[in-house]
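Work through the following exercises with the sequence and the model open. Each task is followed by a solution in steps.

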Amino acid sequence: MNAPEKIETFRHIGTRPVRPDGVDKVTGKALYGTDFKAPGMLWGAILRSPHPHARILSIDTRAAEKLAGVKAVATGKDLPTLESLVMHVGEGASDIVDISHNCLAFDKVLYEGHPVAAVAAITPELAREAAALISVEYEVLPHVLGLEEALADDAPLIREPAKGGTGETPSNVAMDVTMGRGEVEAALSGAAVVVEGRYTMEPVHQGYIEPHACVASWNGDGQAQIWCSSQGHFMVRSLTASVLAIPQSDIRVTPLEIGGGFGGKTTVYLEPVAMILSRKSGRPVRLGMSREDVFRATGPAPGAIIDVRLGADADGTLVAAEVTFKYHSGAFAANDAGAGVSSAIGHYRIANTRVSGIEVLCNRPAAKAYRAPGAPQVNFAVESAMDELAIRLGMDPLELRMKNAARPGDLQTSGLPWGEIGWMQCLEAAKAHPHWSAPLGPNQGRGIAGGYWGNYGGPSTVNLSVAEDGTFTVATGSPDIGGSRASMAIMAAEVLEVPYEQVRCVVADTSSIGLSFVTGGSRTTFATGMATVEAAREVKRLLCERAARTWQVPAQHVEWRDGHAVCTSGERQGSKMSAAQVAGSSLHSGGPVTATSALSAQGWLPGFGFHICDVEVDQETGHVSIVRYTAVQDVGRAIHADYVEGQIQGGVAQGIGWALNETYIYNKDGKLENPGFLDYRMPVASDMPMIDTVMVEVPNPVHPYGVKGVGEVPIVPPLAAVANAVRAATGKRMRSLPMSPDKVHAALHGEG
Amino acid sequence: MPSPAFHAPDTVEGVVALLSGDPTARPLGGGTDLIVQMRSGRIAPGAVVDLKRIAALSGVRREGDVFVIGAATRCTALKDNADLCAAWPGVVEAANLIGSVQVRNRATMAGNLCNASPAADSVPALVAAGATCVVAGPAGTREVAVQDIPVSPGKTSLASGEFVVEFRLPARGARAGDAYLRSIPRTEMDIAVVGVGANLDLDAEGTCTAARIALGAVAPTVVLVEAAGAALVGTKLDDGALSAMVEAVTAACAPIDDKRGTVAYRKAMAGVLAKRTVQIAAERAGAKA
Ligand SMILES: Cc1cc2nc3c(=O)[nH]c(=O)nc-3n(C[C@H](O)[C@H](O)[C@H](O)COP(=O)(O)OP(=O)(O)OC[C@H]3O[C@@H](n4cnc5c(N)ncnc54)[C@H](O)[C@@H]3O)c2cc1C
């Protein structure tokens with residue numbers, strides 16, 4: 001609904017056909033990470049650290065090895081010693097030494113749940129029993145969880161200082177990024193109105209339903225297979241090969257269906273360990289995580305402390321912005337600060353800006369990408385401050401945003417100009433939407449917030465082949481998380497001018513298709529889609545060429561029309577051949593018809609979203625109910641409209657969870673108190689209103705069908721949209737997430 | 001985990017014999033606590049004794065004005081009995097706040113009680129109702145007030161070989177009503193931060209003649225706050241009476257600070273919910289505002 005009238009007319013783009021992987025999924029036949037079993041497979045178990053920070057003095061595995069049915073035991077000593085090497089294969093860069101030490105601790109454990117040893121046995125029960133028999137002697141070290149505590153002079157250091165010293169004072173700062181321009185202090189002191197505030201939150205988890213699991217089989221000749229679910233099987237291949245110091249081509253990774261990743265499945269935790277256990281036992285080995293393992297040891301999104309100052313003239317023109325934030329990095333270097341800096345205030349025209357962020361090492365699991373990694377935290381602070389500024393100016397908050405909204409050509413925080421962005425169009429669509437002017441009931445308030453995400457392109461490979469009967473198979477290297485098989489089939493069918501059902505799409509393993517980057521950064525429909533279109537155009541060209549050869553006419557006399565090769569001039573003018581006729585005679589007309597497109601997609605554009613949220617606050621209990629929610633987003637062009645709307649609704653749902661109840665709770669001993677869905681409170685269906693979506697289509701001119709990434713933008717604005725709505729309903733500004741009932745109650749009635 | 005023996009006897013005596021024979025054996029209702037705890041490794045009983053094969057243990061029946069609810073009755077099945085819903089809507093609602101529909105299609109109130117969680121949802125409603133349970137054991141049967149079953153988190157007063165056979169909800173007057181409310185951060189699938197059950201009897205003039213208020217999750221076991229009930233008796237539930245009741249409720253709270261709520265929040269919510277619960281119960285009893 002709400003899609004603007006299309007200027008161009010399409011056969012398939014923007015329609016809503018059934019996804020090709022749908023029946024398998026709804027009937028339970030689809031093979032996910034935990035479903036795969038190999039003949040002779042052993043069951044693995046991992047022993048994890050009970051301490052948040054400790055030195056490993058010794059590991060005694062003898063009792064475990066003696067247990068009948070145990071076939072292999074591994075510790076960090078079984079992984080090769082590696083030289084530092086930063087690889088850009090997940091979402092952001094990682095050092096393979098960190099990845100290796102995160103898979104199995106080497107000399108220190110850095111968080112509760114850090115893997116210390118692993119076993120493989122003939123049953124899962126035996127494997128768990130054997131893991132419990134491994135005795136580890138620890139020297140417990142002081143631990144640190146909080147951002148400010150970890151920055152204190154006497155804080156325990158998570159990373160050992162470099163040998164020989166670098167001259168710098170060792171600290172827990174893992175990354176430090178600053179961007180901006182102009183004279184911030186001078187502009188702030190000259191501003192008519194300045195608002196400032198500190199905003200805080202604890203880490204949150206991606207909350208994918210499917211826990212990590214894999215099966216690895218490593219043969220004596222060095223060749224190996226891995227079956228797992230991930231956001232990128234090429235990422236699994238390159239990281240596993242690098243951690244094990246073996247050739248990538250010796251590993252074939254077969255992607256299984258993925259039950260959610262949201263950025264959290266862009267690295268390896270289990271695969272190198274399963275490989276070691278397989279090599280030692282000579283059998284395929286399965287490793288899987290429990291939900292508790294997932295919470296304790298896989299990437300949360302960082303918590304944050306964010307300081308914001310915004311200054312404006314009396315007419316609402318923004319003159320200066322300063323944003324300074326600290327993010328949790330966890331046990332190893334993470335990648336959120338850079339995107340946090342570039343996602344903070346670039347949606348406004350501001351002459352004087354300074355945005356800087358650091359990442360802080362601490363005794364928590366290493367932070368991992370979570371849907372628009374680094375953006376929602378800082379956006380919460382900035383869009384809350386914008387709300388406050390509007391109140392101080394006595395200005396409509398939507399007008400304030402329209403007045404200052406960045407347009408194409410304006411400078412981003414990085415200093416580069418924005419391309420064809422649809423931010424202003426989103427604001428206009430929101431203003432025109434009935435939600436914006438709908439009346440509110442008692443104890444209700446309306447909040448708004450806007451945000452953006454840079455999106456990505458990068459390497460993708462697609463192979464498109466024609467079967468003898470003229471049906472088509474698209475093979476990609478991109479795991480299908482949000483319906484990309486359907487979107488690829490739509491784009492190929494659009495190019496080939498054939499029915500959607502005539503094109504089927506599969507995700508091919510690492511040995512069957514060329515390199516493709518992770519499904520992350522909202523890149524797949526854009527980049528893999530570009531490769532699909534390119535391959536489809538080449539197949540179309542080949543089909544015409546084969547028809548020309550069959551008719552013995554010059555190639556330029558044949559065109560593809562309405563799913564057929566058609567001769568456009570000469571004696572054979574008007575002759576037609578379908579894909580089936582061409583492919584069916586390919587033996588004689590030049591061989592099988594297939595085309596591969598391998599590209600690094602450039603020219604991606606960011607996505608912008610604007611959200612309107614109505615809440616009702618129970619003033620006596622502090623309970624916040626979301627009563628109405630509308631998300632407006634520039635989607636470039638929706639290829640499969642359902643999946644675009646689904647992405648928007650999913651992002652909003654996760655953002656609402658982050659805003660209202662989700663949070664990591666550690667006790668004073670550095671142990672996670674809520675490693676399960678009972679006490680890690682993601683929203684349940686009854687917490688959610690229907691989330692109305694408005695797709696604004698400002699096509700990306702570089703993409704054949706105008707695609708812009710859509711998956712990450714929608715999690716950016718909800719934190720502030722909800723907080724601003726709570727402010728409107730209660731008069732209280734909530735600067736600390738989550739806005740759980742007890743915290744809202746305390747804000748309304750005072751503590752204690 | 002060595003797999004436990006599974007028994008499905010078809011008589012009450014059979015259950016008692018099995019439970020007496022193995023002190024680690026546990027009765028199995030819906031298993032929505034028991035199986036979860038066994039799988040997590042928290043408990044490892046030598047045997048589980050399924051109660052659902054005993055026909056008399058499932059279902060709701062009337063004995064005169066008394067409702068008798070079999071211990072193996074699923075929470076959702078309570079909703080099918082229109083007379084029970086009319087007489088004890090608070091009890092039925094409390095049992096049907098537990099978990100999700102899937103959970104309630106298995107879960108029983110007896111399991112909720114005997115799991116002995118301070119936050120068990122059906123328990124404050126049953127205590128407010130003045131419910132008793134019939135307990136069978138090696139020495140025969142005895143009838144016990146519901147609030148006397150839990151003794152501390154995870155522990156009950158049931159002796160070895162004993163189990164709960166049924167609940168009995170007493171006869172009540174024409175102008176009576178009960179209600180249960182809980183505070184949870186979400187809207188369902190959550191554990192009570194505070195739960196309050198209220199049960200009122202009114203006379204023809206709307207004066208409260210009896211009142212029972214019970215609290216969950218604010219102490220190691222369910223708390224029957226007699227002073228709160230007393231504050232309402234003899235009143236028309238005016239603001240003054242309600243304030244006195246809320247004061248008694250707050251005073252009776254002895255909660256802990258934990259990941260699910262602070263002491264201050266729990267106390268505040270006990271008061272807020274007690275007032276709301278009494279108002280709903282009064283409305284059901286036919287009080288004029
Ligand atoms: C997802 C989920 C959500 C939940 N949400 C809630 C909630 O919102 N509120 C809430 O209160 N609970 C909740 N629970 C806990 C649980 O569902 C309830 O406590 C339920 O009522 C237990 O009943 P059951 O029949 O399944 O008990 P079982 O698991 O069968 O038994 C529980 C315990 O009681 C014992 N027992 C069972 N029957 C008897 C008997 N007749 N006599 C003596 N001992 C007996 C068992 O041996 C065991 O120790 C939830 C559980 C899950 C898994």
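**Exercise 1. State how much surface chain B exposes and what share of it carbon and sulfur atoms supply.**

Step 1. The exposed area of chain B is about 11800 Å². Accessible areas come from the Shrake-Rupley method with a 1.4 Å probe, and for residues only the protein chains shown count as cover.

Step 2. Carbon and sulfur atoms supply 54% of that area.

Step 3. Conventions for this and the later exercises: this is a predicted model, in which local features need pLDDT of at least 70 and side-chain atom pairs count only at pLDDT 80 or more, while totals for chains, interfaces and linings use all residues. Residues are numbered from 1 along each chain as its sequence is written, chains are lettered from A and ligands numbered from 1 in the order in which they are written, and side-chain values use heavy atoms, with hydrogens and water left out.

**Exercise 2. Describe the fold content, dimensions and burial of chain B.**

Step 1. Chain B contains 11 helices and 14 strands. Helices (H or I, at least four residues) and strands (E, at least two) are DSSP runs, numbered from the N terminus.

Step 2. The radius of gyration of chain B is 19 Å, which agrees with the value near 19 Å for a compact globule of 289 residues. The radius is taken over C-alpha atoms, and the globule rule is 2.2 Å times the number of residues to the power 0.38.

Step 3. Along the principal axes, the C-alpha atoms of chain B fill a box of roughly 60 × 45 × 35 Å.

Step 4. Of its 289 residues, 53% count as buried. Buried means under 20% relative accessible area, exposed over 50%, and partly exposed in between (1.4 Å probe, protein chains only).

Step 5. Among contacts in chain B with a separation of 6 or more, 59% are between residues 24 or more positions apart. A contact means heavy atoms within 4.5 Å.

**Exercise 3. Which domains does the assignment give for chain B, and how many residues does each bring to the contact?**

Step 1. Domain 1 of chain B covers 5-38 + 57-169, and domain 2 covers 176-285. The bounds come from an automatic or database domain assignment.

Step 2. The contact takes 25 residues from domain 1 of chain B and 23 residues from domain 2 of chain B.

Step 3. The centres of the two domains of chain B, taken over C-alpha atoms, are 23 Å apart.

**Exercise 4. Give the corresponding totals for chain A.**

Step 1. Chain A has 21 helices and 30 strands. Its radius of gyration is 27 Å, close to the 27 Å from the globule rule for 752 residues, so chain A is as compact as a globular protein of that length.

Step 2. The C-alpha trace of chain A spans about 90 × 75 × 50 Å along its principal axes.

Step 3. Of the 752 residues in chain A, 62% are buried. Contacts between residues at least 24 apart make up 80% of those in chain A between residues at least 6 apart in sequence.

Step 4. The accessible surface of chain A is about 26800 Å², with 51% belonging to carbon and sulfur atoms.

**Exercise 5. Place A:Thr524 and A:Arg537 in chain A and list what they touch.**

Step 1. A:Thr524 lies in helix H16 (residues 524-551) of chain A. A:Arg537 is also in helix H16 of chain A.

Step 2. A:Thr524 is buried, at a relative accessible area of 7%. A:Arg537 is partly exposed, at 47% relative accessibility.

Step 3. Leaving out residues up to four places away in sequence, A:Thr524 touches A:Ser478, A:Ser484, A:Met488, A:Thr519 and A:Gly529. With the sequence neighbours left out in that way, A:Arg537 touches A:Val495 and A:Pro704.

Step 4. A:Arg537 and A:Ala595 are 58 residues apart along the chain, with 8.9 Å between their C-alpha atoms.

**Exercise 6. Is B:Leu237 buried or exposed, and where does it lie?**

Step 1. B:Leu237 is in the loop between helix H9 (226-232) and helix H10 (239-252) of chain B.

Step 2. B:Leu237 has a positive phi of about 60° although it is not a glycine.

Step 3. At 12% relative accessibility, B:Leu237 is buried.
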